[in-house]
Amino acid sequence: MTKPLQTTHPPSTGLAAPPTGFVEKMPLERYVPPAKPSLVGFSRAQLSEALATVGVPAGQRKMRVQQLWHWLYVRGVRRFEEMTSVSKELRAALDRHFTLARPEVVAEQVSVDGTRKWLLRLPGEVLGERPHEVECVYIPEADRGTLCVSSQVGCTLTCSFCHTGTQRLVRNLTPGEIVGQIMVARDRLGDWLGATRASGDGLPTQGERFVSNVVMMGMGEPLYNFEAVRDALLTVADGDGIAISKRRITLSTSGVVPNIARAGAEIGCMLAVSLHAVRDELRNELVPLNRKYPIAQLLDACRNYPGVSNARRITFEYVMLRDVNDSLADAKALVKLLAGIPAKINLIPFNPWPGTRYECSDWDRIEKFSEIIFTAGYASPVRTPRGRDILAACGQLKSATEKLSARERLALRAMAMTD
Ligand code: SAH
Ligand code: SF4
C-alpha cells in the first residue's frame, strides 16, 4: 500500500530531501478544528464503545475491534475505505461519526544528519480558541530510531534552565495526541506495514522499524498527565499494534515521586530521572519540584522502581551547566549518590535559549566529568556522534522556525541515549 504524503503548507520538498529548513507555517486563520472525534489513540475498550455507537451488535465487537486495531496501528491507514476486511456499511458508518486524523503537521524539518522535527498543531480546549503547538523530534541512528514525544503543551513546572518552563500555556495532551505523534512520525517515514519507506541520509539501516524507540522527553512533565500518558503508552506497547516494547519506551520525569511507583506498576516502561544536581540546595533552584520531593526521596523511589535491575537500569539525566553543577567534585558526589542503584548516567550539554542565565559547560569539562563517571564503572555517558556536535534538548522544544542547531542535535542525541 502506498500512502500519500501528508501535505504541509506550502508542500514540503519531500521526505527524503535533506537538508530542508522548516517549511512556512500554515496561517492560523486557516486552522479548522476537527469536527468529529478521531479513533487515533483509542484503546480497545474505547474502540468497542465506538462500534456500539454505530450499531455493531455486542457479539461482533471483539472481532471488529481486532480488525480496527490492525488497520489503525499496524497498517496506519488514514481512510476508512482502506480497511478492506471491514464491510462497506460499517466503514461508511464509522466515517459518518469518526475520523482517523492525526495531529496536524504544520511544519517539517529534515536535518543533514537525518534528524527530523515536526511542528504539530492541536485544537485549543474550547472551540474557536487558538490552537496549540507541540513538537516531536525523530533521532535516527544506525541501529535504532528514537522519537521524542511531548506529554503537555508547556509545563506547570519551572525548571530554571528549561525553556518549556517559561511557557505559561499548559494543557494536558490526550492519549490520542500522544499516540498521534508516533503515528505522524510513522506516516512521514513510511514506517507502516506495506507502506513505501522513506529514504535519505541518516535513517537506520539495521532493524525493520524506523521508529524503534520512544522517549517521553518532549514538552511537559509526563507524570503530571499520568492517565493519558499511561493509556497512550500501553497502546504503543501493545504487541498486536504499534508494538514498541516497554523496554524501548523511556519516560523522563523531573521527580514526581508519588507517580514513579505508579509508572512502574501501571506502565512498566523504562525510567529516566532529571537529576541535574547532587545537593538539595542547588536542585531546589534548578528543579523547583525538589522542594516538594527532595533528592533522598527521589532516589528511594528509584531504588524501589518496580522491575529495576542491572538489565533494566534507571537513566539519570544531568544537564551540564557551566560553573553551576559541573565541578569535578560534583561528578564524584554524583557517583557516590547513585551507588547501589542500577543506573546509567546521561550527560546532556545545556542547550541555551534566548534570555537564559546559564551557559553550557566547556567541552573539556564535560569530558573530564564524564571520565570520572566512566572510571566509576558507568558506560561512557556522552557520545559525540558528530565530532563536537552535541545533542539538543527536547525539554526546550518550542515553535522555533529555524533549523536545528548543531547543539540542539547533540542535546537530542544525548537525551535519546537511553539504552
Ligand atoms: N519534564 C520531563 C521530561 C521533559 S524534559 C523532565 O523534566 O524530565 C526532558 C529533559 O530535557 C530533562 O532531563 C530536562 O531536564 C532536559 N532539558 C530541559 N531543558 C534543557 C536545556 N535547555 N538543555 C538541556 N537539557 C534540557
Ligand atoms: Fe517541565 Fe521537564 Fe522543563 Fe522541568 S525540565 S520545566 S519538568 S519540561
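A residue counts as near a molecule if one of its heavy atoms lies within 4 Å of it. The close-ups below all come from a predicted model.

**View 1. The residues around ligand 2.** Here you can pick out Cys155, Leu157, Cys159, Cys162, Gly165, Gly220 and Ser254 around the ligand. By class, this shell holds 4 nonpolar and 3 polar residues, with no charged ones.

**View 2. The shell around ligand 1.** There are 23 residues around ligand 1, and those that come nearest are Gly220, Ser252, Ser274, His276 and Asn351. Gly220 is also listed in the shell around ligand 2. Sorted by class, the residues around ligand 1 are 11 nonpolar, 10 polar and 2 charged.

**View 3. Polar atoms facing ligand 1.** Two glutamates are worth a look in this view. The side chain of Glu221 has an N or O atom 3.4 Å from a nitrogen atom of ligand 1, while in the side chain of Glu317 such an atom is 3.0 Å from an oxygen atom of the ligand. The backbone takes part too: a polar backbone atom of Asn351 is 2.9 Å from a nitrogen atom of ligand 1. On its own, ligand 1 has 530 Å² of accessible area, and the protein covers 96% of that. Three strands, β8 (249-253), β10 (314-320) and β11 (343-349), each give two or more residues to the shell.

**View 4. An aromatic pair, Phe350 and Tyr358.** The whole structure has 4 aromatic pairs. In the one formed by Phe350 and Tyr358, the rings meet edge-to-face, 6.2 Å centre to centre with 80 degrees between the planes. Are these two residues, Phe350 and Tyr358, buried or exposed? Both Phe350 and Tyr358 are buried.

**View 5. Arginines over aromatic rings.** Arg44 places its charged end over the ring of Trp69, 4.2 Å from the ring centre. In another example, the charged end of Arg197 sits over the ring of Phe210, at 3.8 Å from its centre.

**View 6. Two loop residues with positive phi.** Most residues other than glycine have a negative phi, so the backbone here deserves a friendly second glance. Ala243 has a phi near 55 degrees and is found in the loop between α5 (226-237) and β8. Ala243 counts as partly exposed because its relative accessibility is 27%, and partly exposed covers the range between 20% and 50%. Asp323 has a phi of about 60 degrees and lies in the loop between β10 and α9 (328-337). With a relative accessibility of 66%, Asp323 counts as exposed, a class that begins over 50%.

Key: Residues numbered from 1 in each chain as written. Chains lettered and ligands numbered in written order. Predicted model: local features only at pLDDT ≥ 70, side-chain atom pairs only at ≥ 80, totals over all residues. Heavy atoms only, no water. Polar contact = N/O pair within 3.5 Å; in protein donor to acceptor, adjacent residues only side chain to side chain. Areas by Shrake-Rupley, 256 points an atom, 1.4 Å probe, with all protein chains shown as cover. Helix = DSSP H or I, 4+ residues; strand = E, 2+ residues; numbered from the N terminus. Nonpolar A, V, L, I, M, F, W, Y, C, P; charged D, E, K, R; others polar. Phe/Tyr/Trp six-rings, centres within 6.5 Å; stacked < 30°, edge-to-face > 60°. Buried < 20%, exposed > 50% of the residue type's maximum accessible area, 1.4 Å probe, protein only. Lys NZ or Arg CZ within 6 Å of the ring centre and 35° of its normal.
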